[in-house]
Amino acid sequence: MEIRAVGGTVKLDFTNAVITQPTLQIQAYVRGGGLVLVTKPGIEVDADGITVHGGTVRIRPRNGWKEPVHLTVQVSGENRGGRVTARPPRRTFRQWLVRRPRPHARSFHD
């Protein structure tokens with residue numbers, strides 16, 4: 001998969017993804033924009049192949065999920081002044097209001 005985020009944000013949500021392959025390779029070019037990968041337990045993100053020039057790369061959960069890995073997303077490419085983020089899904093406003101835990105909150109490693 002090839003992603004170009006120049007001055008904008010690209011969001012890939014894997015929470016409802018049907019996994020048919022063990023790996024997914026993403027070639028990303030981020031310049032002044034952002035790439036957000038929303039993951040769930042069983043999906044691991046490897047962003048070691050990104051060359052960073054003045055941008056940030058943030059992968060959460062840092063120590064991975066407790067569940068076995070079904071899909072490895074390998075991100076490579078270039079980040080110039082942008083943001084590359086992998087994170088679990090966020091709570092809805094209603095879940096936040098009634099203080100329900102985040103989805104998959106108990107699936108993090110310590």
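In this predicted model, the side chains of Glu 78 and Arg 80 meet in a salt bridge, with 2.7 Å from N to O. The structure holds one salt bridge, and a general point helps in reading it: side chains of opposite charge can pair when their charged atoms come close. Glu 78 is partly exposed, with a relative accessible area of 24%, and Arg 80 likewise counts as partly exposed, at 36% relative accessibility. Both values lie between the limits of 20% for buried and 50% for exposed, and therefore neither residue falls into those two classes.

Arg 80 has its place in strand β7, and from there the reader can look across to another part of the chain. The C-alpha atoms of Arg 80 and Val 52 are separated by 6.2 Å, although the two residues stand 28 residues apart along the chain. Another such pair is formed by Ala 28 and Ser 76, which are 48 residues apart along the chain while their C-alpha atoms are separated by 6.1 Å. Ala 28 lies in strand β3, and it counts as buried because its relative accessibility is 4%, where the limit for buried is under 20%.

These strands belong to a chain that contains one helix and eight strands, and, read along the sequence, the elements follow the pattern β-β-β-β-β-β-β-β-α. Of the 110 residues of the chain, 35% count as buried.

Which residues have the most contacts inside the largest nonpolar core? That core has 18 residues, and those with the most contacts inside it are Leu 12, Ile 26, Leu 35, Leu 37, Val 73 and Val 75. Several strands contribute to this core, since β1 (2-6), β3 (23-31), β4 (34-38), β5 (43-53), β7 (71-80) and β8 each supply at least two of its residues. Among these strands, β5 gives the most to the core, with four residues.

Between β1 and β2 (9-13) runs a loop, and Gly 8 has its place there. Gly 8 counts as partly exposed, at 28% relative accessibility. Computed along the sequence, Gly 8 and Val 30 are 22 residues apart, while in space they are 8.9 Å apart, C-alpha to C-alpha.

The surface can be followed through two patches. In one of them, Lys 11, Arg 58, Arg 60 and Arg 90 gather as a patch of positive charge. Arg 90, one of its members, lies in the loop between β8 (83-87) and α1 (93-97). Is Arg 90 buried or exposed? Arg 90 is exposed, because its relative accessible area of 59% is over the limit of 50%.

The other patch is nonpolar and is formed on the surface by Phe 93, Trp 96, Leu 97 and Val 98, which together have about 470 Å² of accessible area. Val 98 is found in the segment after α1, and with a relative accessible area of 45% this residue is partly exposed. That value is over 30%, the cut-off for membership of a patch, so a residue that is partly exposed can still take part in one.

Note on methods: Residues are numbered from 1 along each chain as its sequence is written. This is a predicted model: local features need pLDDT of at least 70, side-chain atom pairs count only at pLDDT 80 or more; totals for chains, interfaces and linings use all residues. Side-chain values use heavy atoms; hydrogens and water are left out. Patches are made of residues with over 30% relative accessible area and no salt bridge: like charges are joined within 9 Å, nonpolar side chains (Val, Leu, Ile, Met, Phe, Trp, Tyr) within 5 Å. Accessible areas come from the Shrake-Rupley method with a 1.4 Å probe; for residues, only the protein chains shown count as cover. A salt bridge is a side-chain nitrogen of Lys or Arg within 4 Å of a carboxyl oxygen of Asp or Glu. Lys and Arg count as positive and Asp and Glu as negative; His and the chain ends are not counted. The place of a charge is taken as NZ of Lys, CZ of Arg, CG of Asp or CD of Glu. Buried means under 20% relative accessible area, exposed over 50%, partly exposed in between (1.4 Å probe, protein chains only). A nonpolar core is a set of buried Ala, Val, Leu, Ile, Met, Phe, Trp, Tyr and Cys residues joined through side-chain atoms within 4.5 Å.
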